[in-house]
Structures are given as C-alpha cells and as structure tokens.
Amino acid sequence: MTETAPDLDRLRGGAPPRNHDARTIAALTANPGCARRGVMDAAGVDKDAVARLLGFPSPFGQSQFAITRGNAFEAQVKADGCAELLTLLRERLGLAVPEVAYDDLEVVAGNEGRELRHTRTRRLLARVLETGEGTLFDHPLLRLEIAGQLAYLEPDVIAFQVAGRLHVIEIKSFAVVDGQAEPEQVAAAARQAAVYVMALRRLVGELGHDPARVSHEVFLVCPENFSNRPTATPLDVRPQLAVLERQLARLTRIDEILGELPGDLTFGPGGDLAGSVRAVEARYAPECMAGCEMAFFCRDEARACGATGALGRSVRDDLGGVDTIGTALALADGSLSPSADLAETAAQLRTAARLREEALLVPQGGAA
Ligand code: SF4
C-alpha cells in the first residue's frame, strides 16, 4: 500500500476495512468525480453503517429470501467439484473440457487472510498459464488498483481454463425464462463480470503473460424457467470493459484529495460524523440512488443547499459552473450579474426564461 494507508486507517476510525466487490467497483465508476465516495471507498469505510448512523439508511441489500435462494443455487451448481457446471459447459456450450481439476481458493490451510489467499491465487494461475494444469479456480482473490489504492476483490466467481484461456463464470440466482432474463439484471451481471475480467487480466499481465489470455467472453449461469436447473449463457463484456477502463482512469487520485482534508478527519462513530462527511465534497446526482449507500444523505444535503446536481447530471452539465439553483434563477431573471466565465451560461438562462414567459402568456387553445 502507499504512504496514505495510515490516513485511510484513521478515516475508518480504527474499524477494519470493508472489502470491495465487483458490485461496489462497478458502482464506483458510475460517479468517478465524487471525492466523498472516492475517499470512503478507498479507505474501506462501511458507508452503509455511516448512512445509518446519520439517520439516512440505504435501501440496498438483498432480502433474506433472495440471499438464501442464491446461496442454495450456487451450492447446487458447485456440488461435487462443480459436476453440474461442467456438464453445462460441455453439453450446452459445446466446450471441450477433457480433464477437470477443481481448486477452491477461499481458505488457505484454515487461514482466511487476504494476502495469503491472493498469493495462492497468483501461484495457481501462474501454473495454469505456464503448464495448462488446472481447470476450475473457485473464489480467486484478485486485486485492482482503485484511485491509487489496491483493493481486494471479494470473490464470487470461478475462473475457468479451457484451451489455455481463462474465462470468468458468474453464478446468479435470477431466472432465465425462455432464453430471456431481466435486461437490467443481465447488464449489472455483465458490469460485475467485467470488473473480474479486468482484475484477472492485470494479474495475468503481472505474471508476465498476455492479458488477452483472459477472455472477454464470460459465462453467466442462472436457473432456467423458474426451476433449479442451471443454464449457461455466454456474454461478451467488451463494452463494459471499455467503460470501466475509462472511468477508473478518471477517478480522482485519493492522495490528492486527502492532502486537502483536515488532518484529524474520521468517519468513526461519535463526534461530528455529519460534519466529517460534509467536509469531503460530493457530486450528488439522482443516479446515486441506484448505486451508493450514501445516496439519501447526499440527496438531502443537495436539496438543502439547492445544488443543481439534484436536478440531474445533464442539468448540472448544462449549467456548468453554476452550482446552485438559486444562482441559476438569479442569473435568469437578471438580478445577478454574471462573472465573465458565466456570461454565456447567463445569456442562455435569460433566453430560456424569456421563452418560458412567452409560452406562459400564450392564451389557452391557440397561438397569440
Ligand atoms: S451518493 Fe453521495 S457519496 Fe455516493 S456517489 Fe453520490 S454524491 Fe457521492
């Protein structure tokens, strides 16, 4: 880790870091300009707990029923060294999988330490890349650099080797009915799988091999037609990979943000938690509601200060440089003189206000 690690420990208030997973990284890239989320995620702060302490609990998380169903389906697919999964891969997808070896990397000699597990993942993948030895690697523990910090990815996928190439297998419990699944769920699964493909490619590159040996084709395994029978669908995640690469590159570097924050800032319980959170700049947009645990707090804050972002990202972009709705209205009615850099935006706002007034003056039922 970098020299910022002690700062990040302090930000968590001594609590252990929360692991990233593919979902949190995929969501992180949805708002790459938000310093608040960047800092909290880089430090591994439990945002869900912080939001609850602030009185703005998030609605995220699956129901207990969905979790139980998902776990049962996964256990079934993986039973007996992934016997059912291999049948699927051989028969449904026509893949030639001659010999099978199954390695579970979740625990190493009774030790769940992440460094140890990551080391074993590296060793086994190096072996498979050099000798072709090994077929299924369950729970590979991968790492990805997020905003200048290494984040471990909690594994919920299988890396599958066939003909010298590695594929990611995602097991999901949403149903595929008549060959179709809910597009939003498939899109979310593809985004998450792309995170794993990227992390695997980085690891393969670090091991001195061509990252392209990790395929952009992933396999999505879901229950079929409301039964428990699994079906496998190949997914091409190249579009998701391209977006992810671009967004991760844009993430503001955490050490730059930390340098501008108070030296004693902490998100630990007690003290002025709301003040600490507000000390880190946020970029709220309604899209946050779908992907960030802090969304209710940030929405409340954005509304209270009349931030233009609360109206949507496109409105904020159109009003570039005008941070609050009050300023936008004052520029529109001419009660505020714009600075030179806002002159063009102010002219557009005045035009929009005039057009609105004219439209409101048109009598009902026809043009004037
Ligand atoms: S909800 Fe808040 S912290 Fe999360 S991404 Fe949006 S603005 Fe940032």
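**Entry 1: Asp178**

I began with Asp178, which sits in the loop between β6 (165-171) and α7 (183-206). I looked up the backbone there and found that Asp178 has a positive phi of about 50 degrees, although Asp178 is not a glycine. I kept in mind that most residues other than glycine have a negative phi. Is Asp178 buried or exposed? With a relative accessible area of 66%, Asp178 is exposed, since the cut-off for that word is over 50%. I note here that the model is predicted, and I read every entry below with that in view.

**Entry 2: confidence and overall make-up**

I then checked how far the prediction can be trusted, and found that the protein averages a pLDDT of 84, with 93% of the residues scoring at least 70. Which helix has the lowest confidence, and which the highest? The lowest is in helix α1 (residues 5-11), at a mean of 75, while the highest is in helix α10 (residues 273-278), at 94. My reminder to myself is that where pLDDT is low, the predicted coordinates should not be read in detail.

For the whole protein I wrote down 14 helices and eight strands, and a C-alpha trace that spans about 75 × 60 × 40 Å along its principal axes. Of the 368 residues in the protein, 44% are buried. I also looked up how the contacts are spread along the sequence: among those with a separation of 6 or more, 64% join residues 24 or more positions apart.

**Entry 3: domains**

I looked up the division of the protein and found domain 1 (5-61 + 251-318), domain 2 (64-249) and domain 3 (325-361). The C-alpha centres of domain 1 and domain 2 are 29 Å apart, and the contact between these two takes 17 residues from domain 1 and 19 residues from domain 2.

**Entry 4: His139 and Asp104**

I returned to the backbone and found a positive phi of about 55 degrees at His139, which is not a glycine either. His139 is in the loop between β2 (136-138) and β3 (142-146), and with a relative accessible area of 10% this residue is buried.

I next took up Asp104, which lies in strand β1 (residues 102-104) and counts as partly exposed at 32% relative accessibility. Which residues does Asp104 touch, leaving aside its neighbours within four places in sequence? I found Arg120, Asp138 and His139 in contact with Asp104, which brings me back to the residue that opened this entry. I also looked up Gln76, which is 28 residues from Asp104 in sequence and 15 Å from Asp104 in space, C-alpha to C-alpha.

**Entry 5: Leu95**

I moved to Leu95, in the loop between α5 (64-91) and β1, and found this residue partly exposed, with a relative accessible area of 22%. Beyond its neighbours within four places in sequence, Leu95 is in contact with Leu89, Arg90, Phe160 and Phe219. I also recorded that Leu95 and Val162 are 67 residues apart along the chain, while their C-alpha atoms are separated by 8.1 Å.

**Entry 6: helix α3**

I looked up how covered helix α3 (residues 35-42) is, and found that eight of its eight residues are buried. These buried residues include the charged-named Arg36, Arg37 and Asp41, listed together with Ala35, Gly38, Val39, Met40 and Ala42. Just after α3, Gly44 takes a positive phi of about 70 degrees.

**Entry 7: helices α13 and α14**

My last look was at helix α13 (residues 325-332) and helix α14 (residues 343-361), which pack at an angle of about 75 degrees with their axes 8 Å apart. That angle makes α13 roughly perpendicular to α14, because the term covers 65 to 115 degrees. On the α13 side the contact is made by Ala328, Leu331 and Ala332, and on the α14 side by Ala346, Leu349, Arg350 and Ala353. By class, I count six nonpolar, no polar and one charged residues in this contact.

Which residues of α13 are buried? They are Ala328, Ala330, Leu331 and Ala332, and what covers them includes α14. Just after α13, Gly334 takes a positive phi of about 80 degrees.

Conventions. Residues are numbered from 1 along each chain as its sequence is written. This is a predicted model: local features need pLDDT of at least 70, side-chain atom pairs count only at pLDDT 80 or more; totals for chains, interfaces and linings use all residues. Side-chain values use heavy atoms; hydrogens and water are left out. Buried means under 20% relative accessible area, exposed over 50%, partly exposed in between (1.4 Å probe, protein chains only). Helices (H or I, at least four residues) and strands (E, at least two) are DSSP runs, numbered from the N terminus. pLDDT is the predictor's confidence in each residue, from 0 to 100. Axes are lines fitted to C-alpha atoms, for helices over the stretch in contact, and angles run from 0 to 180 degrees between N-to-C directions. Angles under 35 degrees count as roughly parallel, over 145 as roughly antiparallel, 65 to 115 as roughly perpendicular and the rest as oblique. Contact means heavy atoms within 4.5 Å. Domain bounds come from an automatic or database domain assignment.
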